[in-house]
Amino acid sequence: MPYQPKIGMEIHIQPKTKSKMFCRCPNRFDQTKPNQNICEICVGHPGTLPAINQQAVKAIIKAGLALNCQINRRVHWDRKHYFYPDLPKGYQLTQNNTPLCYQGFLMIEYLDYNQKPQTKKVLINRLHLEEDAGKDLHPENSDYSLIDFNRAGAPLIELVTEPVLQDQEQAAAFCQNLQQIFRYLKISDADMEKGQMRCEVNISLSNNQKSGVKVEVKNINSFRGVKKSIEYEIKRQTGLLEQGKKIKQETRGWDAEKQITISQRSKEQAQDYRYFPEPDLPPINITDGLLAKIKNSIVELPTDKIKRFTKNFGLNQETAKIITQDLTCANFFENTISEIKSWVKTDDRIDSQQTPKVIKLTANYLTTELIRLTQKTLVGFDQIKITPENFAELMIIVYKKQINSSAAQTVLKNMFQTGGDPSQIIKQKNLAIQKDSKELGSVVSKVIQENPQAANDLKAGKQKSLQFLIGQVMAKTQGKADPKTAINIIQKLVK
Ligand SMILES: [Zn+2]
């Protein structure tokens, strides 16, 4: 490619705090009614005093540490002035000069154009805290607009990367990795559709001699949108440059329906926000003690978990990735494994040498059958009724072939709905494989009586007839006959 894309991202994430950034209003704005969740502070009445939400400060430090950032130990707030109807104070409180976290990085893994796995170090410029604005509503066919301040003053984490991303695959992978980390750390659900995570990309194309002109793209609300908007912008800008035209420095919006970016405003003159330090809030001092405490509360992150799962449990990369996608799923898997290990110790049906095989079976079952059930019913692993202990027992039963695969699915479904014990369900529904030769013997004699020709053929040495007779036995027992036992009985009776 004659031009090299340089891509940076600006990502806003809503932390799940109890209250808003500077007042006691609940940090919720999903109310059906507008302007229910407001007070004098968050709608900017004169003479009110803001107070800092400690939970939000701790959350961003946690995120910053997980993203290998330096932490500013003394942080002050700045007023960023601009006029917009959804900003009642006429300024936004933010951290312009002293972001809480700076100079970090995140190692990402992604698939390149040839579907080859690659890693990349994405440099992070900063993470800072600020407050969100309200929402403008423009009713259709009306000559007025409405404002809902429920969201005004809600905390927001802004993360800015250096322009080190080179294509849409890297950018989308970065966003996905980031979302997963915020979920692991329980800072935010970071659901893009719900606006809990909002992405903006800036793209410039440079060639060897000249650095490019930066174009910002806003209104992206899906990972697909991140990919598609970058792909579109690279094509658009390349086209202009090839025609000898100039790129305008501007902000564009992503139109997900038409899959294009549209010019919103030109950025030829940098806006003057007239920043100045907030006089009504004291600076935040981050102590060693607080930092150490937050550091200790950081759980094992997805990339480390994947490494450990592949090493300790013998999973392949892809399976480990699926299981660790969600922390509650990863925990469920790990708890199941430790239950399996204690089953193996106490249950004489199985010995410890078989543990790796049972673990592999469990991983396969979890990533196909169980995840399918959670997706179908929208019940996450945090609400699942199946206990790791019961799931472990089912896996041992399946491994020992005490039920067949269709029965296993029935049992799993039942466990998923009721939280029941697999052995009890198998008993109640009479699903166990029949090994009892007396019981099976009567089924087999009946089959032989009904199929004298096949029995004679078998006697004459036609092995195909054995398959046929087994098939009949399976049909009569709904697949519950133990094939080995059934073959023995057939051969005995036919002799
Ligand atoms: Zn308020």
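Here is a short conversation about a predicted model, its zinc site and its sheet.

Visitor: What makes Cys23, Cys25, Cys39 and Cys42 the residues that coordinate the zinc ion?

Guide: Their SG atoms lie at 2.3 to 2.4 Å from the zinc ion. A donor here is an N, O or S atom within 2.8 Å of the metal, so these SG atoms count as donors. Along the sequence, the donor residues follow the spacing C-x1-C-x13-C-x2-C.

Visitor: Why is the arrangement around the zinc ion called tetrahedral?

Guide: The four donor atoms subtend angles of 101 to 113 degrees. Four donors count as tetrahedral if all angles lie between 85 and 135 degrees, so the arrangement earns that name.

Visitor: Are Cys39 and Cys42 buried or exposed?

Guide: Both Cys39 and Cys42 are buried. That word is used for residues under 20% relative accessible area.

Visitor: Let's turn to the sheet. Why are strand 2 and strand 14 said to stand at the edges?

Guide: The open sheet has nine strands in the order 2-6-7-10-1-11-12-13-14, with mixed pairing. Strand 2 (70–71) and strand 14 (260–266) each have a single partner strand, so one side of each has no neighbour in the sheet.

Visitor: How do you know that strand 2 pairs with strand 6?

Guide: Two bridges join these antiparallel strands. Pairing takes at least two bridges, so strand 2 and strand 6 qualify. In strand 6, Tyr102 is the bridge partner of Gln70.

Visitor: Which helix lies across strand 2?

Guide: Helix 1 (residues 54–66) does, and this helix also lies across strand 6, strand 7 and strand 10. Helix 1 runs at about 160 degrees to strand 7.

Conventions. Residues numbered from 1 in each chain as written. Predicted model: local features only at pLDDT ≥ 70, side-chain atom pairs only at ≥ 80, totals over all residues. Heavy atoms only, no water. Donors = N, O, S within 2.8 Å, 3.2 Å for Na, K, Ca; no water. Tetrahedral: all angles 85-135°; square planar, octahedral: opposite > 155°, others 65-115°. Buried < 20%, exposed > 50% of the residue type's maximum accessible area, 1.4 Å probe, protein only. Helix = DSSP H or I, 4+ residues; strand = E, 2+ residues; numbered from the N terminus. Contact = heavy atoms within 4.5 Å. Axes fitted to C-alpha atoms, helices over the stretch in contact; angles between N-to-C directions.
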